Amino acid sequence: MLSSRHAFLAKRPARLLTRPLSNRPFLGGSSIQSLQEVFRDPSSPFHIPPGTIGPASPDEPPQELLAEQYEASVTNAARARDSDAPQNGVSDAAGQARAKMISLGYDAGSLWEQSIVWGHHDAFRHVNNAHYLRFFESGRMQWLLGLGNLLGGKERTEAMIAGQGVSLILKSINVNFRRPVTFPDTLLIGHKPVVSSSRTQFTLAAAAYSYTQRAVVADSEGVIVWYDYDKLRKCDPGDDAWRVLREIMGAEVREGQGRPVNGGQR
């Protein structure tokens with residue numbers, strides 16, 4: 001037997017669907033077919049010719065031009081450093097940041113812009129310290145791209161990034177936190193190599209410069225080991241690699257333990 005509430009509900013008319021079906025989005029197979037037709041249409045900007053593939057990412061860099069880009073970035077950075085022309089807004093902050101980092105000895109080809117987002121904050125309302133390891137990692141890989149191109153162009157760069165043959169591996173890293181950073185801001189990350197007498201490792205110094213504060217807010221030093229990924233052991237990369245670090249990338253020299261880099265003379 002129905003209760004009075006159930007009886008009342010049973011007497012209510014059912015609500016009809018008032019939204020026309022024609023206005024409802026249709027996600028059937030025709031949408032996929034239309035996309036495929038666009039990709040096959042030679043006049044479409046989305047056309048992908050048969051036998052080819054699209055880029056791995058929307059902003060995939062042209063690998064064959066990385067060496068030229070490295071040289072261009074060094075030239076542009078030098079111009080920014082020597083220019084006294086006033087600029088405005090973010091471009092002014094970026095120019096001053098580049099000039100400052102280069103004056104501190106950081107490699108112009110390694111400079112990496114890191115945007116600060118709200119999600120980088122922690123409960124203390126500043127960028128959480130753990131994020132700086134990722135920031136320096138991104139800058140370190142930017143530096144590695146330049147090194148790979150100087151050592152052997154596109155093929156060598158791709159092999160080093162993929163961990164094939166002789167490449168680099170991070171042994172240890174420390175970070176000094178100089179100033180708290182808050183959103184919104186942009187950090188300019190720079191790296192510079194520091195060599196000693198060792199033939200199998202060197203130090204990679206780094207700094208993070210704040211556009212907003214116009215000051216270095218963190219710095220770091222990581223121990224980088226030359227590593228043969230095929231033999232799974234550290235190695236001496238050879239004189240050519242050390243020459244690139246010292247003569248082309250302007251590595252700082254610090255005295256240390258081990259066999260000298262220049263083959264016997266300190």
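**Close-up 1. Leu232, in the loop between strand 5 and strand 6 (233–234).** In this predicted model, Leu232 has a positive phi of about 60 degrees, even though it isn't a glycine. Most residues other than glycine have a negative phi. Leu232 counts as exposed because its relative accessibility is 60%, and the cut-off for that label is over 50%.

**Close-up 2. Arg214, in the loop between strand 4 (201–210) and strand 5 (215–228).** Here's another residue that is not a glycine but has a positive phi: for Arg214 the value is about 55 degrees. Is Arg214 buried or exposed? Neither, quite: its relative accessible area is 39%, so Arg214 is partly exposed.

**Close-up 3. Pro184, in the loop between strand 2 (166–177) and strand 3 (185–195).** Look at the peptide bond leading into this proline. Going from Phe183 to Pro184, that bond is cis, with omega near 0 degrees. Most peptide bonds are trans.

**Close-up 4. The protein chain that holds these loops.** Stepping back, the chain has six helices and seven strands. Read from the N terminus, its elements go α-α-α-α-β-α-β-β-β-β-β-α-β. Of the 266 residues in the protein chain, 34% are buried. Among contacts with a separation of 6 or more, 67% come from residues 24 or more positions apart. The accessible surface of the protein chain adds up to about 17,000 Å², and carbon and sulfur atoms account for 54% of it.

How values were computed. Residues numbered from 1 in each chain as written. Predicted model: local features only at pLDDT ≥ 70, side-chain atom pairs only at ≥ 80, totals over all residues. Heavy atoms only, no water. Helix = DSSP H or I, 4+ residues; strand = E, 2+ residues; numbered from the N terminus. Buried < 20%, exposed > 50% of the residue type's maximum accessible area, 1.4 Å probe, protein only. Contact = heavy atoms within 4.5 Å. Areas by Shrake-Rupley, 256 points an atom, 1.4 Å probe, with all protein chains shown as cover.
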